[in-house]
Amino acid sequence: MSSQELSDRNLAVVITEATVCLAMTIISIIGNTLVCLAVYRNPKLRSTTNLYIIALAASDLLCATVEMPLASAVLITGRWDFSDALCELQGFVDVFVTLVTPATMGLTAFNRYMRIVKTHNYNKIFSPSKSKIWLSCVWLSLAFYLLIGRVTNWNSFEFIPGYAVCSVVFMTTESRLAHYCTVFALFFVLPFCFAFFSYYKIFTKIRQHKVNVAPSLELNAKNREARISVQEINVSRTLSYVVAGFLFCWIPMYVFVFWKRFSPDTAPRSVQLLAILLLFLSSTINPFIYAATNRVFRGEFCKILCWWKVTRVLTSSSVGANRDVGNEENAACQDETNM
């Protein structure tokens, strides 16, 4: 078992690290909960593509509710004071989220590619039921892989002071090398090759769309199809920003992780901790991207966060409607009296 204590830190470092981690924990929980609530409340957001957005929000919430609070506690106290079972849980969540998020993003990009570029075949592959099957296969296969590795003692989950979290460790160098080569290829390189190819084709299609569709078309069946395409284009643009933000966090994170795993003696503690904080940042920024780039999400966020204003407006509208009905009834009574 590795050391349970972090290296010595001065008070300023303790306050800075703990504050940053706590802030990201709170923001991530609130933001990703808002995403889930927005889709639940607004039927316009219950599309097949948004099923994948909910899956991303769920993985981010899993990180924010299990991994991030424990990391915050460790950064405050300077040691792991929790049980071995909780370490196993946090370690499993750490590896699961790290691998399932890029896989889900790759699947989401392929969904967008089929919706924009191969429209006629979209429902054959991404019907609502088939979309759930795709997601279930990715999530369950990864969960089984991690559980089988743990049950067979091919790997274990231990507290790693440099990361301030519990994560996976391997019994041999060969098993570590096999694991990272496999998961890096299947759950990072392959999904982002799909994402790069898909968004390249999508935005090529968008450019052709802008050239071919004249803005002065009359409102007819063809123009209605163009308007639907604009909505799909906006969704694709939003998700491309999500991928860009993800790469901004994860490319340096993977560099730091590989540095730590294969040359632990040369990796300073600041680099190790930064790798975990970048993972936490990736789980925090997506709701901001949705709010900044999607008007429907932004509107639902405002309604949820400013619920008292919405209630007051609805109450005022109801009172005004009742007053109008009352005035009409009084006028009717007066007419009957005059008669």
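Okay, let's start with one residue: Asp 94 is buried, and its relative accessible area comes out at 6%. Keep in mind throughout that this is a predicted model. Our cut-off for buried is under 20% relative accessible area, so Asp 94 qualifies.

Where does that aspartate sit? Asp 94 is part of helix H3. And what does Asp 94 touch, once we leave aside its neighbours within four places in sequence? The contacts are Glu 67, Cys 166, Ser 167, Ile 276 and Leu 279.

Now, on to the cavities, where Asp 94 comes back. Searching the whole structure for cavities of 30 Å³ or more turns up three. The largest cavity holds about 230 Å³ of space. It has 17 lining residues, and those closest to its centre are Asp 94, Thr 98, Ser 167, Tyr 180 and Val 257. Two of those names you've just heard together: Asp 94 is in contact with Ser 167.

Which elements build that lining, with at least two residues each? You've got helix H3, residues 84-116, then strand E2, 165-170, then helix H6, 173-212, helix H7, 221-262, and helix H8, 269-293. As for the chemistry, the lining of the largest cavity splits into twelve nonpolar residues, three polar and two charged.

Let's stay with helix H8 for a moment, as Asn 286 is found there. This asparagine has 4% relative accessibility, so Asn 286 counts as buried too. If you skip residues up to four places away in sequence, Asn 286 touches Asp 60, Met 105 and Val 242. Take Val 242 from that list: along the chain, Asn 286 and Val 242 are 44 residues apart, yet their C-alpha atoms are separated by 6.3 Å.

Last stop, a helix pair. How do helix H1, residues 11-41, and helix H9, residues 295-305, pack? The angle is about 100°, and the axes are 9 Å apart. That makes H1 and H9 roughly perpendicular to each other, because anything from 65 to 115 degrees falls in that class.

If you want to click through the contact, on the H1 side you need Leu 34, Val 35, Leu 37, Ala 38, Val 39 and Arg 41. On the H9 side, pick Phe 297, Glu 300, Phe 301, Lys 303, Ile 304 and Leu 305. By class, the residues of this contact come out as nine nonpolar and three charged, with no polar ones.

That's my tour, thanks.

Terms used: Residues are numbered from 1 along each chain as its sequence is written. This is a predicted model: local features need pLDDT of at least 70, side-chain atom pairs count only at pLDDT 80 or more; totals for chains, interfaces and linings use all residues. Side-chain values use heavy atoms; hydrogens and water are left out. On a 1 Å grid over the protein atoms alone, a cavity is a set of points where a 1.4 Å probe fits but cannot get out, and a pocket is an open set with protein on both sides within 12 Å along at least five of seven lines; lining residues have an atom within 4 Å of a point. Grid points are joined across faces, edges and corners, and a volume is the space filled by probe spheres set on the points. Helices (H or I, at least four residues) and strands (E, at least two) are DSSP runs, numbered from the N terminus. Ala, Val, Leu, Ile, Met, Phe, Trp, Tyr, Cys and Pro count as nonpolar, Asp, Glu, Lys and Arg as charged, and the others, Gly among them, as polar. Axes are lines fitted to C-alpha atoms, for helices over the stretch in contact, and angles run from 0 to 180 degrees between N-to-C directions. Angles under 35 degrees count as roughly parallel, over 145 as roughly antiparallel, 65 to 115 as roughly perpendicular and the rest as oblique. Contact means heavy atoms within 4.5 Å. Buried means under 20% relative accessible area, exposed over 50%, partly exposed in between (1.4 Å probe, protein chains only).
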